[in-house]
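Student: Before we look at the model together, could you take me through the reasoning behind the labels that are attached to it? I would like each term set against its criterion before any conclusion is drawn.

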Amino acid sequence: MKLFSSPTSPYVRKVLVILRETGQLADVELAAAGGTPLNPGTMPRDLNPLGKIPALALDDGQPLYDSRVICRFFNERANGDLYGSGDATWQLQTLEATADGILDAAILMVYEARVRPDDKQFADWIEGQWRKVDTALDALEASWMDTLNGDALNIGQIAVGCALAYIDFRHADRNWREGRPNLAAWEAEFAKRDSMLATVPPAG
Ligand code: GSH
């Protein structure tokens with residue numbers, strides 16, 4: 001299997017954390033890919049017509065894409081329990097969707113600043129994206145701490161851990177920890193997992 005990836009992509013990081021946590025890293029060949037909506041660069045568009053990573057080529061060549069699909073695939077492949085069962089599974093997937101939504105907004109802010117020309121920057125739009133991040137972080141602090149503090153590793157924790165780390169990576173100036181002591185304390189512990197330490201993005 002070949003995973004098209006970049007060490008700075010937080011969606012790829014979700015997959016890498018699961019590969020490490022479930023002992024499957026050696027089963028996957030990593031292939032570097034990069035690009036933006038304006039320049040798809042080396043994105044594997046033959047696998048994922050959306051031109052995004054992570055994208056996985058299975059051994060028979062079949063593509064899987066979107067981190068949510070790939071994460072679930074590797075959990076099942078390892079007979080893992082990252083998604084729980086019964087009612088809990090829907091809660092965990094909603095938590096994952098919340099974390100991925102934080103990432104979607106946080107990445108659009110980066111693209112606005114890096115990809116759009118200086119004379120086309122739209123500050124209100126950037127702030128609109130940050131409001132989504134802000135309200136979602138408030139929801140994590142208010143409603144999701146029990147799930148995050150659960151003993152058994154779950155997909156919600158992995159997605160939130162990767163999303164918070166990405167905010168530190170690209171939007172450190174926003175001080176997301178302010179007013180969110182429980183989320184901040186949880187993140188500090190989660191970031192110490194071997195799988196998180198091994199997937200810290202390189203500077204740049
Ligand atoms: N929903 C997708 C997932 O969860 O896999 C989002 C993936 C995504 O946006 N990846 C970024 C990308 O490929 C890299 S961090 N961007 C290129 C583009 O948007 O053209």
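Tutor: Let us start with the word "domain": the bounds used here come from an automatic or database domain assignment. On that basis the protein is divided into domain 1 (2–77) and domain 2 (87–197), and you should keep in mind throughout that this is a predicted model.

Student: How do you know how domain 1 and domain 2 are placed relative to one another, and how many residues are in contact across them?

Tutor: The centres of the two domains, taken over C-alpha atoms, are separated by 20 Å. Contact means heavy atoms within 4.5 Å, and by that criterion 17 residues of domain 1 are in contact with 22 residues of domain 2.

Student: What makes the largest nonpolar core a core, and where does it lie with respect to domain 1 and domain 2?

Tutor: A nonpolar core requires buried residues of the nonpolar kind that are joined through side-chain atoms within 4.5 Å, and the largest set of this sort has 61 residues, with Phe74, Leu137, Val160 and Leu183 having the most contacts inside it. Helix 3 (residues 87–114) provides the largest share of this core, 10 residues. Domain 1 (2–77) and domain 2 (87–197) both give residues to the core, so it lies between them. As general background, nonpolar side chains in soluble globular proteins tend to be buried together.

Student: Which residues is Val160 in contact with, once its neighbours within four places in sequence are left aside?

Tutor: With those neighbours left aside, Val160 is in contact with Leu95, Ala99, Leu140, Leu148, Leu183 and Trp186.

Student: Why is Phe73 called partly exposed rather than buried or exposed?

Tutor: Buried means under 20% relative accessible area and exposed means over 50%, with partly exposed in between. Phe73 has a relative accessibility of 26%, and therefore counts as partly exposed. Phe73 is found in helix 2, and, apart from its neighbours within four places in sequence, it is in contact with Met1, Leu56, Leu58 and Leu64.

Student: Which classes do Asp66 and Asn79 fall into by the same cut-offs?

Tutor: Asp66 has a relative accessible area of 42% and is therefore partly exposed, whereas Asn79, with 72%, is exposed. Asp66 lies in the loop between strand 4 (63–65) and helix 2, while Asn79 lies in the loop between helix 2 and helix 3.

Student: What makes the backbone worth a remark at Asp66, at Asn79 and at the bond from Ile53 to Pro54?

Tutor: Most residues other than glycine have a negative phi, and most peptide bonds are trans. Against that background, phi of Asp66 is near 85°, a positive value in a residue other than glycine, and Asn79 likewise has a positive phi, of about 50°, although it is not a glycine. The peptide bond from Ile53 to Pro54 is cis, with omega near 5°, and Pro54 is found in the loop between strand 2 (29–32) and strand 3 (55–57).

Student: What makes a void a cavity rather than a pocket, and how many cavities of 30 Å³ or more does a search of the whole structure find?

Tutor: In a cavity a 1.4 Å probe fits but cannot get out, whereas a pocket is open. The search finds one cavity of 30 Å³ or more, and the largest cavity has a volume of about 60 Å³. Its lining residues divide into seven nonpolar, two polar and one charged, and helix 6 supplies the largest share, four residues. Domain 1 (2–77) and domain 2 (87–197) both give residues to this lining, so the cavity lies between them.

Student: What volume does the largest pocket have, and which residues are the closest to its centre?

Tutor: The largest pocket has a volume of about 880 Å³, and of the 33 residues that line it, Tyr11, Met43, Ile53, Ile107 and Tyr111 are the closest to its centre. Helix 3 gives the most to this lining, with seven residues, and by class the lining has 16 nonpolar, nine polar and eight charged residues. At least three residues of the lining come from each of domain 1 (2–77) and domain 2 (87–197).

Conventions:
Residues are numbered from 1 along each chain as its sequence is written. This is a predicted model: local features need pLDDT of at least 70, side-chain atom pairs count only at pLDDT 80 or more; totals for chains, interfaces and linings use all residues. Side-chain values use heavy atoms; hydrogens and water are left out. Buried means under 20% relative accessible area, exposed over 50%, partly exposed in between (1.4 Å probe, protein chains only). Helices (H or I, at least four residues) and strands (E, at least two) are DSSP runs, numbered from the N terminus. On a 1 Å grid over the protein atoms alone, a cavity is a set of points where a 1.4 Å probe fits but cannot get out, and a pocket is an open set with protein on both sides within 12 Å along at least five of seven lines; lining residues have an atom within 4 Å of a point. Grid points are joined across faces, edges and corners, and a volume is the space filled by probe spheres set on the points. Ala, Val, Leu, Ile, Met, Phe, Trp, Tyr, Cys and Pro count as nonpolar, Asp, Glu, Lys and Arg as charged, and the others, Gly among them, as polar.
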